[in-house]
Amino acid sequence: MLSVDRRWLYLILFVNIVIFLLAPLRMPASISPPVQKFYDEIEKLQPGDLVMISSNWSASTLAENQPQLEAVITHLMRKQVRFTIISIEAQSRDISYRLAERVTKEKGYQYGEQWAHFGFVPNLAVAIKGMVTDLPNTIKQDVRGTAVAELPVVQGVKSLSEYKMIIDVTPTGSVPVWISYSPKNVKILYCPTSVMAAEAYTYLDSGQIKGMITGAKGAQEYEQLLGITGLGAPFANTISFSHLLIIAFILLGNFAMLMNRLQARREA
Amino acid sequence: MSYQHAQDNWFAAIIIGFIALAVLVNILRAQLGAQLYIRRIPGLDAIDEAIGRSTELGRPVTMIPGLTDFGVVAVQALTIFKYITKQIARFATPMRLLSGNPTVFAVAQEAIADAYNEAGRPDLYDPDNVRFLSDRQFAFASGVAGLIQRERVAANFMFGEFFAESLIFAETGNMVGAIQIAGTISFTQVPFFVAACDYTIIGDEFYATSAYLSREPVLLGSLVGQDIAKLLFALTTLGGVIAASIAGTDAPIIKLLGQPGGWEAFWKSVLQGGGQ
Amino acid sequence: MGVLTNLMAQQTIWRLPEESRVLFATLIVAGAFVLILGLIPVLQTLPPRGRRAIIVTVTFLAGLFFAAEFFLPVDWTAIFPKDDPKRNFLTPAIQPAQNVLQIIGALALGLGTFGLVRLHLRNTVQRRAQWGYSIVLLVSFVVMATFSILNTLAEKKIVERGPMLERGFSILFDYTLIQLDAAMFSLVAFYIFSAAYRAFRIRSVEASILMFTAMLVMIGVVPLGAQISPALPTIANWVLAQLNAPAQRAIEFGVGIGGLAMAIRLWLSLERGVT
């Protein structure tokens, strides 16, 4: 048991994931405080408020970040809030643009009037500092080549400080950069992958970020609060049973180790 | 308001100044001959053991600075790799340095060439052993994993900033039986390294590595200055806890500590004689 | 002198005047070339100590720029009446400086790519071990680069987006690159499983505490935990917020201070490691 070929473990995990991904079993989530805070902050927004979404994820973290971004955009549209999207990762520019186009088209949200995508910026800290002082001249044009100054959604907006909120959807832990350089009157919400969430609890605790959706499970909780069906639920359920499997094998491994020790003591 | 300039938060600027002063004063002390102590770090003591094992097995050593952008973390990683290369040069052990950032790759080429020169073995330097694989996270991860598997490396050193690919490197190294030493400032990757590597250097031990390996007075002095700064942070935290417990979190003295407008609020309260 | 006064009046010492922008830009680029070409022979003839003095000076001045921009007071309207009260005279230069850094980064990418292609070309020509993989890399590189460049040109309407370009780019990007990226990340799940199975053993008191806490958090953060017991999510959140966060704060303080100390050493050229 202790020297089991790891390929058997991989096969068992693979079968486990496939079964529970395909199974119709869906468990409700218990809403965690960070997700509740996230939801409450967006509920406080008024129609016409302006929100910046920083979407920096690529295909590798699609399972965690895509349900988050879809749910966030749905909530913002429900509140009739204007939003702009920016990416610091080249692949993310295309992925987030296409996703936003699909989700907004379904709800009749107009590009340019109610939302826009500012494209890819290579250096986040410099971009934030530039957006704080002069947003139209920092970004210059949106992903479709239109000058930012001509976009109705940000008509008259000169600075990032005129935004009400920044939502960072990312696997890269870029939220400290937003915290450091963005205007203090703009609230920050965070949507990391599960791995990166651990380091964000300090910012949540100090109030530097106002809410957090953690990975696919957080997306499931958020979807539940919104009353929508998304990808968060099936992914979170699969994760549940994978965790259970890992725990079972950890206990099994320890049991085998204990038996080995007892055997060795008896023989000695 | 945002923290674009020191004027937005003079208190933080003063703290930066104090840390800089602590570091520089202790560097001066070290240069003037003060004996400074540094505790043992087992992971760093194991570097020579790992290199020795590679030499015995005749299998290469890999050095991975991760996806670190060129900055203080990358410089520190390359300093460590330069030390390792000098040790490797003594035994003519094969090595591979695999970089995921082109700027780090360019500097690494020069650093490794210098290391071989300083060790007196410029003939051993092969530019093809310092490689840029890709700046895409998982393309880099698959390249590194593939190389570790194909060449069955005997020792794997990972120092720098890592993300999700850290476990791919560490577990692949574990599969081929390599002795692995990792050092990272990435808090979230530490558990993966601890689970899969033989030794892990955590947090500011990473920045202490160059001082530990070289024992240069300047670096040791800087380390002592860092520790003094950490002591200040600990005392500030303790003072803040006591003050907040007595005066409440809305008191001006608490707001002084880094909150937007805290400095102005504090001086206003002092000038007005204690009111908020 | 008139030009200087004009520039100061416009508050644009970091930006070229509109009417003679092309002329000034050409002069600056030409001047930079002359400086660099002149500097290289000078650096080569200098003794190592002289070279080090130049490097130390340039490093110090470059670092001083960013430090001075941060520490200098803002609101210079007393000196530049039309200036922005939220900046000092160095602030407008930050963006051009960062642009320079990005250009250097792009040049380094070219250097890295050249090194990669050269290595694999050599493998192929010399038929070194596993040269077949080198051919795969070179072919993939050329094909992907071609379609990506054509796609970008098509986005900017410089070339026409034909069906072959559309289909080819879609196959390479959507159906290959994105899926390979996702597949590589999904490997992490399997590796976590084998690493956890190997690492979480009751070898000592600390290891036992670690193992049980990890299991509590693992089951508490997923929906299944709430089904088993409502206390599990509460315990998991408590561990994350009250145990994990303080420990992480402590490590982050140390890392931040260490980074600052290292930056000071690099700025003052006290760090001799790589340089």
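How many salt bridges does the rule find across the interface of chain B and chain C? There are four, and the close-ups below start at that interface. Keep in mind throughout that this is a predicted model.

**View 1. Chain B meets chain C.**
Here we look at where these two chains touch, with 62 residues coming from chain B and 54 residues from chain C. Together they bury about 5000 Å², and carbon and sulfur atoms account for 72% of that. On the chain B side, look for His5(B), Asp128(B) and Phe187(B): this trio supplies 14% of the area that chain B buries against chain C, more than any other three residues.

**View 2. Salt bridges and polar contacts between chain B and chain C.**
Zoom in on Glu171(B) and Arg198(C), whose side chains form a salt bridge at 2.9 Å, N to O. The rule also picks out six residue pairs in polar contact across this interface, with both residues at pLDDT 80 or more. As for where chain B's touching residues come from, helix 1 of chain B (residues 10–31) gives the largest share, eight residues. Sorted by class, the side of chain B that touches chain C has 38 nonpolar, 13 polar and eleven charged residues.

**View 3. The open sheet of chain B.**
Now for the inside of chain B, where six strands line up as an open sheet in the order 3-2-1-4-5-6, with parallel pairing. Strand 3 (130–132) and strand 6 (199–202) of chain B sit at the edges, each pairing on one side only. From one strand to the next, the twist averages 15°.

**View 4. An edge of that sheet, and a helix packed on it.**
Strand 2 (residues 95–99) and strand 3 of chain B run in the parallel sense, paired over three bridges. To find one bridge, start at Ser99(B) and go to its partner in strand 3 of chain B, Phe132(B). Helix 3 of chain B (residues 72–91) packs on the sheet and touches strand 1 (61–66), strand 2 and strand 4 (155–161) of chain B. The direction of helix 3 of chain B makes about 160° with that of strand 4 of chain B.

**View 5. Chain A meets chain C.**
Chain C also touches chain A, in a contact that takes 53 residues from chain A and 43 residues from chain C. This pair of chains buries about 4400 Å², 67% of it on carbon and sulfur atoms. Which residues of chain A lose the most area to chain C? They are Tyr10(A), Tyr201(A) and Ile250(A), which together make up 13% of what that side buries.

**View 6. Salt bridges, polar contacts and helices between chain A and chain C.**
The rule finds two salt bridges across this interface. Asp174(C) and Arg98(A) meet through their side chains in a salt bridge, at 3.1 Å, N to O. Polar contacts between chain A and chain C come to eleven residue pairs, both residues at pLDDT 80 or more. Several helices of chain A give two or more residues to this side, including helix 1 (6–22) and helix 4 (90–107). Helix 10 of chain A gives the most, with 17 residues. By class, this side of chain A splits into 29 nonpolar, 14 polar and ten charged residues.

**View 7. The open sheet of chain A.**
Chain A has an open sheet of six strands in the order 3-2-1-4-5-6, and the pairing is parallel. Its edge strands are strand 3 (115–120) and strand 6 (211–212) of chain A. Strand 1 (residues 50–55) and strand 2 (residues 82–87) of chain A pair over five bridges. In strand 2 of chain A, Thr84(A) is the bridge partner of Met52(A).

Note on methods:
Residues numbered from 1 in each chain as written. Chains lettered and ligands numbered in written order. Predicted model: local features only at pLDDT ≥ 70, side-chain atom pairs only at ≥ 80, totals over all residues. Heavy atoms only, no water. Contact = heavy atoms within 4.5 Å. Buried area = accessible area lost by both parts, 1.4 Å probe. Polar contact = N/O pair within 3.5 Å; in protein donor to acceptor, adjacent residues only side chain to side chain. Helix = DSSP H or I, 4+ residues; strand = E, 2+ residues; numbered from the N terminus. Nonpolar A, V, L, I, M, F, W, Y, C, P; charged D, E, K, R; others polar. Pairing = 2+ DSSP bridges. Axes fitted to C-alpha atoms, helices over the stretch in contact; angles between N-to-C directions.
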